[in-house]
Amino acid sequence: DYADYAINADHTVTLTFKNVTGMHDISGTFYYNQATVVTNEPGKIKIDVPNTTGSNTVEVIVKPTGGTSIAKTGKVDKANNPNQIFWDVTINTNGNKLTNAKVSDAFPEGNTYSSVIVYPLTIDTKGNVTGKGTPLVAGTDYIVDASGTVTLIGKYAETYQAFQLSYTTTIEDDQKLADGGSVISKNTATLTNAGKDLPASAEVTATYGKLLAKYYDEEDEGGQQVFNWHIDYNAGEKTLPVGTNFVDTLDGDQVFYGTPVVTDTAGEALNQSLYDISYDTTKKVMTVTFPKGLNQQIKVAYKSQVTVPLNDDGS
């Protein structure tokens with residue numbers, strides 16, 4: 001009855017008195033309560049606001065002070081001759097509102113989309129990831145198309161939740177260099193939300209061995225002008241088709257000598273049903289054939305013999 005008041009944005013309170021002309025012995029008290037919301041997990045939370053009739057429950061949005069809209073990392077399934085790349089796309093660790101959000105991934109040439117798993121993340125007030133929850137359910141919480149584009153639906157159609165999308169792509173054989181070496185794959189993912197496209201990229205390096213390499217080892221201990229050789233084949237671990245073969249041709253007065261030994265990378269003898277070794281009539285041309293194809297690295301160790309006397313200089 002005696003004053004109007006206003007609580008201002010600059011944290012001041014203005015009291016404007018009224019109906020006090022000619023009055024005396026009027027006194028009163030002004031109460032102003034402020035509460036601090038204490039939470040370790042940003043997002044939508046409910047708080048109880050006490051009032052004169054009890055309390056009133058309201059929802060507030062707590063946003064982290066850091067985080068990003070989208071980030072991306074990648075790694076190969078093994079250090080040498082990888083077959084797959086694992087890409088992790090992390091979105092919304094900055095606590096924005098997502099509405100019908102979509103994540104699309106432009107996988108690099110030579111990479112085929114295989115699968116995706118979507119995890120909810122817990123983050124702290126600085127936007128750091130602190131945990132990963134049970135995977136979302138495809139068809140209920142999100143939909144994914146043949147190219148790996150994920151659209152959030154259901155209870156996540158509108159959310160402040162952070163997510164990790166774990167993609168797997170398969171590296172095609174034509175990306176595995178026949179002469180060996182490294183292949184760099186760059187991948188860009190895009191978060192589409194509220195009419196904006198937000199990209200993030202990552203690069204992965206895949207290293208492969210040579211398809212075919214031949215080495216001279218040493219002169220055989222038994223003498224008789226016999227020499228030791230070996231061939232490393234399919235060191236890039238490609239999946240080679242049925243009937244794949246390679247041919248070794250000797251120069252000069254050499255012929256193949258003895259029985260070749262074929263082993264895997266562990267040094268174990270390869271099952272003889274997996275390969276066939278044949279020679280031409282002069283025994284100067286050796287053909288190694290894989291009737292069932294080949295998907296591993298193998299070593300063929302063999303000998304050659306010079307059929308005429310060698311000069312003192314070895315020629």
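Strands β1 (3-7) and β2 (13-17) each supply at least two residues to the lining of the largest pocket in this predicted model. That pocket has a volume of about 360 Å³. Its lining consists of Asp 1, Tyr 2, Ala 3, Tyr 5, Leu 15, Phe 17, Val 20, Ile 26, Ser 27, Gly 28, Thr 29 and Phe 30. Sorted by class, these are 8 nonpolar, 3 polar and 1 charged residues.

The second largest pocket has a volume of about 300 Å³. It is lined by 17 residues, and those nearest its centre are Pro 42, Gly 43, Lys 44, Tyr 160 and Gln 161. Two or more lining residues come from each of β3 (43-51), β4 (54-62), β9 (111-123) and β13 (158-159). Here the lining divides into 9 nonpolar, 5 polar and 3 charged residues.

Further along the chain there is an open sheet of 3 strands, in the order β19-β22-β21 and with antiparallel pairing. Its edge strands, β19 (244-249) and β21 (276-279), each pair on one side only. From one strand to the next, the twist averages 20 degrees. Between β19 and β22 (residues 285-290), the antiparallel pairing runs over 6 bridges. One contact to look for is that of Thr 249, whose bridge partner in β22 is Val 285.

Strand β22 also takes part in the aromatic contacts, through Phe 290. A pair of aromatic rings is described by the distance of the centres and the angle of the planes. The structure holds 12 aromatic pairs. In one of them, Tyr 216 and Phe 227, the ring centres are 6.3 Å apart and the planes stand at 50 degrees, so the pair is tilted. Tyr 216 belongs to strand β17 (residues 212-219) and Phe 227 to strand β18 (residues 226-233), so this pair ties together parts that are 11 residues apart in sequence. Tyr 216 has a relative accessible area of 43%, which means that it is partly exposed. Phe 227, at 14%, is buried.

Tyr 233 and Phe 290 form a stacked pair, with 5.6 Å from centre to centre and 10 degrees between the planes. Because Tyr 233 lies in strand β18 and Phe 290 in strand β22, the contact ties together parts that are 57 residues apart in sequence. Both Tyr 233 and Phe 290 are buried. Elsewhere, Phe 107, Tyr 113 and Tyr 167 form one aromatic cluster.

Key:
Residues are numbered from 1 along each chain as its sequence is written. This is a predicted model: local features need pLDDT of at least 70, side-chain atom pairs count only at pLDDT 80 or more; totals for chains, interfaces and linings use all residues. Side-chain values use heavy atoms; hydrogens and water are left out. Two strands pair if DSSP finds at least two bridges between them. Helices (H or I, at least four residues) and strands (E, at least two) are DSSP runs, numbered from the N terminus. Axes are lines fitted to C-alpha atoms, for helices over the stretch in contact, and angles run from 0 to 180 degrees between N-to-C directions. On a 1 Å grid over the protein atoms alone, a cavity is a set of points where a 1.4 Å probe fits but cannot get out, and a pocket is an open set with protein on both sides within 12 Å along at least five of seven lines; lining residues have an atom within 4 Å of a point. Grid points are joined across faces, edges and corners, and a volume is the space filled by probe spheres set on the points. Ala, Val, Leu, Ile, Met, Phe, Trp, Tyr, Cys and Pro count as nonpolar, Asp, Glu, Lys and Arg as charged, and the others, Gly among them, as polar. Rings of Phe, Tyr and Trp (its six-membered ring) pair if their centres lie within 6.5 Å; planes under 30 degrees apart count as stacked, over 60 as edge-to-face and the rest as tilted. Buried means under 20% relative accessible area, exposed over 50%, partly exposed in between (1.4 Å probe, protein chains only).
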